[in-house]
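Hello,

Here is the structure I promised to pass on to you. Please open it first, and then read my notes below with the model in view.

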Amino acid sequence: MKQRIGSLIVGSSVVFALSSILNPSIARHNDSGSIKKWPKTQPVISKRSPRESKKQQGTDAKTPIESQDDGIPLFEDEDSAAWASFSLSVAIAREFLSSVQWTTLGDKITDRLIPKWAHDLPDYVAKLQREMNMARGSLAEEIWQEAQDQDIHPEIALSAKVRLGKDLCSDELAFVRRRKKCTTRALAKYLEIPEADVDPEDVPTIAAQEAGLFDCATYTAGVSGSCWLQILYNSSLGGRRLDQVIEHLKKRISIHIAYPPSFLDLCTRAPTNKFLLAGLVERLKGDPQANFGVVDVYGLLLASRLMIPRDELSVDDRDLKLSNQRFYLSSGQNPLPIYAAVRHEIPLEEQKTEDEKVKGETTDTTKKKAKQEAWFQWFEFTPYELFCEEFEAGIPSWSIGRHFETGRSVNRDNMLPIPELRVPLLMGIWGSAFCATLAHYYKEVRPVLKGLVGFGGIDALIDEKEDDLIKLHPIEPGTIPNFARGLGNQLPSTCPKSIFDDEYLELMDAGMSNNLPLYPLLRKDRSVDIIVCFDASANIKQENWLSVAEGYATQRGVKGWPVGAGWPRAEDETKTELDAADAATAQQAAGKTAEKREEQRGRSQKIADDQVAKGEVQKSGETDLGYCNVWVGTSMDHEYDKPPQSTRVAPDSDWKLLAPEAGITVIYFPFLRNPKVGGVDPDTSPCLSTWNFIYSSQEIDEVVALARANFEAGRDQTKKTVRAVYERKKVKRLEAEEKEKIRWWKRHLRAHGDNFQ
């Protein structure tokens, strides 16, 4: 997945240390399949806990307890356990930083090893603590008062319930009707035909990922960093213009997101402090059981770098709510953005036999079965709804962050609901690649370790422990309240039992399942005709994310998916994806596919390693993909269970697209080196490394130039493809209308006879 796993964690040692203090825990999966924390190690401090202080000092429940040094409240009253825990963590961080005696290290050592900004950290944290102590007039108190104001947050006056069913929500259906009018005009302009000649029924439903064909697209979708770009595009920062998004990024990402002085400065002065911290205060005060973890810190870091304009005084609070993006869709003027996250389900408990449950033991057979049955559940976020296809259930996007019980939102102590969960916290979830399992971490660092003495033994040892590593998440995923809680037998029988009892959903980067957001686009009611993929994944050939959708589409019964789409594969690899259709459930299909892909990936990597060791150069075959690649599936029912293999559509083979039985069309643009753009290579350029988070204006221009050059190489084929699909739909509509006319005349004759006889 094209996510910066390493740099997100160790981009700044000081920030990582702060994150560890705020949430000193490591997560692992317990037997029920949910995430469980390792025991915490709490730093020893001189302050007493809130409960001890109340008992010993008899303080009033509504009076903040003051620290012993300067009168700054140490932690707030305990009406919110989450808030008290956060306040204590900030106090611990401040005391830890203040205790460091820089001068004892010597001036020369300090100057060489300790950056100058580190000396200012205690002051930054003290200022942050004063603003977040909930005292009268503090920033936190102001935020919490506004959180209960219905004029500022109208959604808190609304009751929410879970919508059950596979179909699209009514808001999206209404959007599609509005969008059709806009795409009709756009298609006429794109294909250079009179608008009056274009029937809206003939306009293909196009889903574009990240960029391209925006005027003709009904949907855009993204995972990982693509979600951040969609947020910017659909905000006051991007203004629904790609060139404006690019200019904004040039001004903001020349500094690392984890650079402490910049982040802390924005968090401690108006108006950016309120903009960034509002969601944190609302969540921790309004949800006593909420957890403030590394993913939440990461979300704040992202927002401080990506969501703050160059003119910091012009921050727009409307950008903080996903549901506000519906105003950019009100007349169908923009595509509907889809954001994705996944939940990792490892149902070990459900695989145990009765004897194992009684004895409290787990056999190797059960562990292996649980590993095979593990799967990722996809959750899609739109300005209208948060929905899980596997649950066949969703909630309004403005209610994300609320707790639900048996299908209805519940309020704590008869209070108003908290406002919608803010975008910075969602950005952390969408891009949290660092929440991967230990098995995935090892795959990332394995190439670096190969040169070490004794690597073979280490590699073999880790391979033996893979069953355990695949269940361990070193960093806890982000959480949102579980809207499926208490729904029991109202959800499909394939839903895991744990989902009915868990208080929170633990969500992470969807790129761990598939780095292309294809699954939400394949929902039946979306009726997508053309999917345009812009794939900037790392290891683009080896991962072959386009092919991963094959097993999913076949098992889900998605008609028309082009079997065989993606980078050329061995015959057994294609068979793996199709065999997933034989699984009884989507979970088993995902398990089969993942297991076989790992085996094949390992073989491919070994072959590549042997070639490098022998000094051989891996050559591209004649069947390698180019800048623009097109596949089309078939919508016909077949005599056999499995559809035939699809082949790439050559630029001069439009007849395949015009065939009446043609299905979903995929246009795939892999991010490849282009001789027309010098100085940038996706495989070798340092700025395009998975570990990089800093880009100069020149580097951004070069990357954009490469993307444009690649798209330009496929511009004509793309237009021919869109035209062919449009013509096919037109012919199909005209034939249907002609048949309907004949049926009408037959009914008329039967009812009234032939008047000319």
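**What I found in it**

R343 is a good place to begin: this residue counts as buried, at 4% relative accessibility. Please keep in mind that the model is a predicted one. The side chain of R343 meets that of D502 in a salt bridge, at 3.4 Å from N to O. The two partners come from distant parts of the chain, 159 residues apart: R343 belongs to strand 8 (residues 336–345), while D502 is in the loop between strand 15 (478–481) and strand 16 (504–509). D502 is buried too, with a relative accessible area of 17%, which is under the 20% limit.

**Other salt bridges**

The structure has 31 salt bridges. One of them joins K274 and E142, with 2.9 Å between the closest N and O atoms. This pair also links distant parts of the chain, K274 being in helix 12 (residues 272–286) and E142 in helix 7 (residues 139–147), 132 residues apart. Here K274 is partly exposed at 23% relative accessibility, and E142 is partly exposed at 34%.

Helix 12 also holds R283, which ties it to D296 in helix 13 (residues 294–306), 13 residues apart in sequence. The closest N and O atoms of this salt bridge are 2.9 Å apart. R283 is buried at 6%, and D296 is buried at 7%.

You will also find a network of salt bridges that links E172, E380, R523 and R526. R523 appears again in another contact: its charged end sits over the ring of F387, 4.1 Å from the ring centre. Likewise, the charged end of K719 sits over the ring of Y190, 5.2 Å from its centre.

**Aromatic rings**

The count of aromatic pairs is 15. Why is the pair of F534 and F669 stacked? Their planes are at 5°, with the ring centres 5.1 Å apart, and planes under 30 degrees apart count as stacked. F534 is in strand 17 (residues 530–535) and F669 in strand 19 (residues 662–670), 135 residues apart. F534 is buried at 16% relative accessibility, and F669 is buried at 4%.

F534 pairs with F711 as well; the centres are 6.0 Å apart and the planes at 35°, so this pair is tilted. F711 lies in helix 27 (residues 697–713) and is buried at 16%. Elsewhere, W228, Y298 and F434 form one aromatic cluster.

**On the surface**

Finally, have a look at W744, W745 and L749, which make a nonpolar surface patch of about 360 Å². W745 is in helix 28 (residues 715–752) and is exposed, at 51% relative accessible area.

Best wishes

Conventions:
Residues numbered from 1 in each chain as written. Predicted model: local features only at pLDDT ≥ 70, side-chain atom pairs only at ≥ 80, totals over all residues. Heavy atoms only, no water. Phe/Tyr/Trp six-rings, centres within 6.5 Å; stacked < 30°, edge-to-face > 60°. Helix = DSSP H or I, 4+ residues; strand = E, 2+ residues; numbered from the N terminus. Buried < 20%, exposed > 50% of the residue type's maximum accessible area, 1.4 Å probe, protein only. Lys NZ or Arg CZ within 6 Å of the ring centre and 35° of its normal. Patch = residues over 30% accessible without salt bridge, like charges linked within 9 Å, V, L, I, M, F, W, Y side chains within 5 Å. Areas by Shrake-Rupley, 256 points an atom, 1.4 Å probe, with all protein chains shown as cover. Salt bridge = Lys/Arg side-chain N within 4 Å of Asp/Glu carboxyl O.
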